[in-house]
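User: Hello! I am new to this structure and would like to go through it step by step. Could you help me with some questions?

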Amino acid sequence: MESEFHEHEGPVHALTYLPHDGSLISCGQDGQVIRWAPESLEPVVLHHFEDLCKSVAVSPTELLIAAAVQNDIYLFDLGSSSDSGKRETEPMRIPGHQNSVDSFAFSPDGRVLASASDDRTIRVWNVADGSLRHVIYAHQSKIESIAFSPDGKTIVSGDKESQLAFSHVETGRLLCRVDLLDRWRDLDIAPEAPWISELRFSPDGTRILAAIFQTGYIVLNGPPPQP
């Protein structure tokens with residue numbers, strides 16, 4: 001069955017869901033972060049920012065939502081919402097990036113948030129208080145995607161120039177880089193826009209799926225052994 005629902009006033013930039021009840025969370029050009037009820041898809045506006053909201057993610061505990069608004073990250077505590085689904089307190093603002101935040105991911109235990117930005121840095125945050133743990137300089141171009149390994153020890157990130165980077169969560173140390181352009185040349189692939197738009201680990205952590213913008217995807221081994 002297909003459904004259409006309309007509440008955003010402009011393009012929708014990101015969509016995710018809460019597995020425990022099937023609610024959808026969306027954000028868009030209009031700055032709204034909306035929770036859509038399961039089945040009925042009744043919208044509840046969690047927050048309306050003054051600027052566009054580019055990305056949204058749900059923590060594994062399903063009590064927190066992270067939203068990216070230009071250079072800043074905002075955390076919503078869904079556990080403190082009222083029965084109607086509207087927040088009773090303002091979201092926690094986490095500033096620090098010098099340019100637009102394009103992607104972020106929660107660690108498997110929900111205690112750490114990693115963000116990737118056009119400022120070419122990865123920042124690792126403590127979710128409890130929004131404090132900064134590390135700034136990781138792993139890329140020379142804009143970072144488009146980021147993911148945690150299932151064991152929570154490694155961050156993989158991908159940029160606009162087809163570079164993958166593996167970083168150690170605990171220390172913030174860069175472990176290694178992988179140039180996917182070399183892999184694509186071996187496969188006789190020449191993408192016009194070869195940036196890494198999405199990254200996902202397999203459940204056992206032994207494989208990484210890297211989506212290439214408007215081209216396809218490639219499967220790699222990883223992450224590298226930890227020191």
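User: In which sense do strand β10 and β11 pair, and over how many bridges?

Analyst: Happy to help, and please keep in mind that this is a predicted model. Strand β10 covers residues 112-117, and S115 has R123 as its bridge partner in β11. The two strands pair in the antiparallel sense, over 5 bridges.

User: How many residues lie between β10 and β11 in their hairpin, and which residue in the turn has a positive phi?

Analyst: The hairpin of β10 and β11 has 4 residues between the strands. Most residues other than glycine have a negative phi. In this turn, a residue other than glycine has a positive phi, near 75°. That residue is R120.

User: Is R120 buried, partly exposed or exposed?

Analyst: R120 lies in the loop between β10 and β11. Its relative accessibility is 43%, and the range for partly exposed runs between 20% and 50%. R120 therefore counts as partly exposed.

User: Which residue in β12 does V124 stand opposite?

Analyst: Let us follow β11 to its other partner. β11 and strand β12, residues 132-136, pair in the antiparallel sense over 4 bridges. They form a hairpin with 5 residues between them, and G130 in the turn has a positive phi of about 75°. Across this pairing, V124 stands opposite H134.

User: How many of the residues of strand β11 are buried?

Analyst: Strand β11 spans residues 122-126. It is mostly covered. Of its 5 residues, the number buried is 4.

User: What is the order of the strands in the open sheet of 4 strands?

Analyst: The pairing in this open sheet is antiparallel. Its edge strands are β1 (12-18) and β4 (43-48), each of which pairs on one side only. From one strand to the next, the twist averages 20°. The order is β1-β2-β3-β4.

User: Which residue in β4 is the bridge partner of V33?

Analyst: Strand β3 holds residues 32-36 and runs antiparallel to β4. The two are joined by 5 bridges. In β4, the bridge partner of V33 is H47.

User: Is D72 buried or exposed?

Analyst: D72 is found in strand β7, which covers residues 72-77. Its relative accessible area is 14%. Buried means under 20%, so D72 is buried.

User: Which side chain is joined to that of D72 by a polar contact of 2.9 Å?

Analyst: Leaving aside neighbours within four places in sequence, D72 is in contact with several residues, including A67, I94, P95 and V101. R93 is also in contact with D72. The 2.9 Å polar contact joins the side chain of D72 to that of R93.

User: The side chain of S107 has a polar contact of 2.6 Å; which residue is its partner?

Analyst: S107 sits in the loop between β9 and β10 and is buried, with a relative accessible area of 4%. A polar atom of its side chain lies 3.3 Å from the backbone nitrogen of R111. Beyond four places in sequence, S107 is in contact with P60, V112 and F148. The side chain joined to it by the 2.6 Å contact belongs to D109.

User: What is the relative accessibility of S162?

Analyst: S162 is found in the loop between β14 (154-159) and β15 (163-168). Its phi is near 70°, a positive value in a residue other than glycine. S162 counts as buried because its relative accessibility is 0%.

User: About how much space lies in the largest pocket?

Analyst: The lining of the largest pocket has 38 residues, and F104, A105, I146, E198 and R200 lie nearest its centre. β1, β5, β9, β13 and β17 each supply at least two residues of that lining. The space in the largest pocket is about 1,100 Å³.

User: What percentage of the residues in the chain is buried?

Analyst: To finish with the whole chain, there are 1 helix and 19 strands. Among contacts with a separation of 6 or more, 38% come from residues 24 or more positions apart. Of the 227 residues in the chain, buried residues make up 51%.

How values were computed:
Residues numbered from 1 in each chain as written. Predicted model: local features only at pLDDT ≥ 70, side-chain atom pairs only at ≥ 80, totals over all residues. Heavy atoms only, no water. Pairing = 2+ DSSP bridges. Axes fitted to C-alpha atoms, helices over the stretch in contact; angles between N-to-C directions. Buried < 20%, exposed > 50% of the residue type's maximum accessible area, 1.4 Å probe, protein only. Polar contact = N/O pair within 3.5 Å; in protein donor to acceptor, adjacent residues only side chain to side chain. Contact = heavy atoms within 4.5 Å. 1 Å grid on protein atoms, 1.4 Å probe; cavity = no way out; pocket = protein on both sides within 12 Å on 5 of 7 lines; lining within 4 Å. Points joined across faces, edges and corners; volume = space filled by probe spheres on them.
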